[in-house]
Amino acid sequence: MIKKIVFSLSMLCTVAASAQENTGSPYSFYGLGDQKFKGANEHRAMGGLSVVGDSIHLNLSNPASYSDLALTTFSIGASHTAYNFKTDLVSENASKTSLDYLAVAFPAGKKMGISFGLMPYTSVGYQVVSSNMFGDEQQSTQSKGKGGLNKVYLGASYKVTKKLSFGFDAQYYFGKIENRTLLATQGVQYISRSINETNNSGLAFNFGTMYQTKIKNLDVHSALTFSPQANLNSTHERKIGTIVLGAAGNEISIEDRNIDVADSKFKMPMTYSFGTSIGKLNKWMIGAQATLADAQETYESLNITDLKYNSSSKLTLGGYYVPKYNSFNNYFSRVTYRAGLRYENTGMEIKGEKIDDMAVTAGFGLPLGYNFSNLNIGFEYGKRGT
């Protein structure tokens with residue numbers, strides 16, 4: 001056990017080093033960037049539905065699930081995302097591959113479970129180029145951003161009765177975001193450059209409960225999570241100057257000066273979710289889940305033109321089907337088939353346009369032999385924005 005935990009901590013450091021710039025969305029320009037899905041691949045394949053505890057799968061969305069685990073569980077997830085960006089005038093493509101999470105959980109007695117891990121919480125990764133005429137001069141602006149916010153957590157769960165369990169996560173957020181802007185004027189050799197770096201850190205908590213019962217011969221599960229408002233401490237560094245571009249396109253600094261920027265606090269909104277499902281254990285399940293978050297009032301202090309944040313909401317429908325989980329002669333009968341739908345009002349409003357996010361999902365849980373290990377593959381097709 002000690003060797004496994006040491007190995008897991010080493011892997012956490014690797015994830016922390018690589019969990020940056022794993023999005024290509026221009027929406028990541030705003031605030032802390034694009035918020036990542038806070039769960040495992042098997043739940044994402046059901047639209048994000050995560051109301052059921054499991055003896056072999058780690059539920060990263062609800063800490064009350066840890067006490068359902070029967071064995072020490074290691075979970076690692078990665079994703080590849082292909083983007084197609086469209087406006088009225090232009091269309092562009094991009095793609096990103098990222099490591100999404102690494103987590104470990106293990107039972108601590110018959111009624112308790114413990115888990116720890118690391119995952120990206122938000123991600124910044126955009127590049128936008130625009131040109132405008134100012135009188136007789138043409139000016140070009142290139143904006144780039146990278147970085148994001150990571151989350152490391154330690155949580156525990158306790159099964160009060162066979163039907164009811166409670167859990168909590170202590171979460172530490174950390175990460176750096178860099179925004180870089182170049183402004184070039186036609187016919188002028190020198191280019192203006194500004195670099196803004198923000199380091200964020202802070203502590204937050206997440207609480208969860210799960211309840212399971214039987215109605216006739218059906219298994220019914222209900223789940224609730226609650227994350228109170230938390231504050232992140234933000235330190236800022238700003239540098240402005242003049243550069244020229246070298247023959248290889250590299251930036252050669254001519255003059256730089258640092259600008260003092262006061263530290264600030266970022267309020268993470270209060271969030272809660274609730275959901276329920278019905279089905280038969282190891283056979284099928286269908287359920288629904290809703291997630292609500294308060295308006296992110298801190299964005300108002302960022303003074304970004306045409307940006308507004310309202311309260312957000314997300315609705316998820318999903319489920320799974322297993323033909324025969326204990327089949328010995330038909331591998332595909334032991335495969336878990338998953339599908340789901342997701343609709344989210346992100347709360348983001350740009351120039352009066354609300355930015356919604358919707359997707360259909362599907363996936364497979366592929367058993368690896370008969371030793372409780374499995375490979376979960378998911379697919380998602382969706383649209384964000386107008």
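pLDDT is the predictor's confidence in each residue, on a scale from 0 to 100. You'll want that here, since this is a predicted model: local features need pLDDT of at least 70, side-chain atom pairs count only at pLDDT 80 or more, and totals for chains, interfaces and linings use all residues. Residues are numbered from 1 along each chain as its sequence is written, and side-chain values use heavy atoms, with hydrogens and water left out.

**Exercise 1. Confidence**

Find the mean pLDDT of the chain, then look at where the pLDDT is below 50.

Step 1. The chain averages a pLDDT of 87, with 92% of its residues at 70 or more.

Step 2. Now go to residues 4-12, where the pLDDT is below 50; this stretch has 13 contacts beyond near neighbours in sequence. (Contact means heavy atoms within 4.5 Å.)

Step 3. Residues 15-19 also have a pLDDT below 50, and that stretch has nine such contacts in the model.

**Exercise 2. The inside**

Work out which strands supply the largest nonpolar core.

Step 1. Get the terms straight. A nonpolar core is a set of buried Ala, Val, Leu, Ile, Met, Phe, Trp, Tyr and Cys residues joined through side-chain atoms within 4.5 Å. Buried means under 20% relative accessible area, exposed over 50%, and partly exposed in between (1.4 Å probe, protein chains only). Strands (E, at least two residues) and helices (H or I, at least four) are DSSP runs, numbered from the N terminus.

Step 2. The largest core has twelve residues, among them Leu 32, Tyr 121, Tyr 173, Leu 232 and Phe 266.

Step 3. At least two residues each come from β4 (112-134), β6, β9 (230-245) and β11 (264-268). With three residues, β4 gives the largest share.

Step 4. There's also a second, separate core of ten residues, including Ala 40 and Tyr 66.

**Exercise 3. Salt bridges**

Trace the partners of Arg 342, then check the pair Arg 384 and Asp 34.

Step 1. A salt bridge is a side-chain nitrogen of Lys or Arg within 4 Å of a carboxyl oxygen of Asp or Glu. The structure holds ten of them.

Step 2. Arg 342 meets Asp 357 in a salt bridge at 3.3 Å, N to O. Asp 357 sits in strand β17 and Arg 342 in strand β16, 15 residues apart.

Step 3. Arg 342 also pairs with Glu 380, with the closest N and O atoms 3.1 Å apart. Glu 380 belongs to strand β18, 38 residues away from Arg 342.

Step 4. Compare the surroundings: Arg 342 is buried at 13% relative accessible area, Asp 357 is buried at 15%, and Glu 380 is partly exposed at 37%.

Step 5. For Arg 384 and Asp 34, the closest N and O atoms are 2.7 Å apart. This pair links strand β18 (residues 374-384) to strand β1 (residues 34-35), 350 residues apart. Arg 384 is partly exposed at 29%, while Asp 34 is buried at 9%.

**Exercise 4. Positive phi**

Where are Asn 282 and Lys 351, and is each exposed or partly exposed?

Step 1. Here's the background: most residues other than glycine have a negative phi.

Step 2. Asn 282 has a phi near 65°. It is found in the loop between β12 and β13 (284-293), and is partly exposed at 33%.

Step 3. Lys 351 has a positive phi of about 50°. It lies in the loop between β16 (336-350) and β17 (353-367), and is exposed at 67%.
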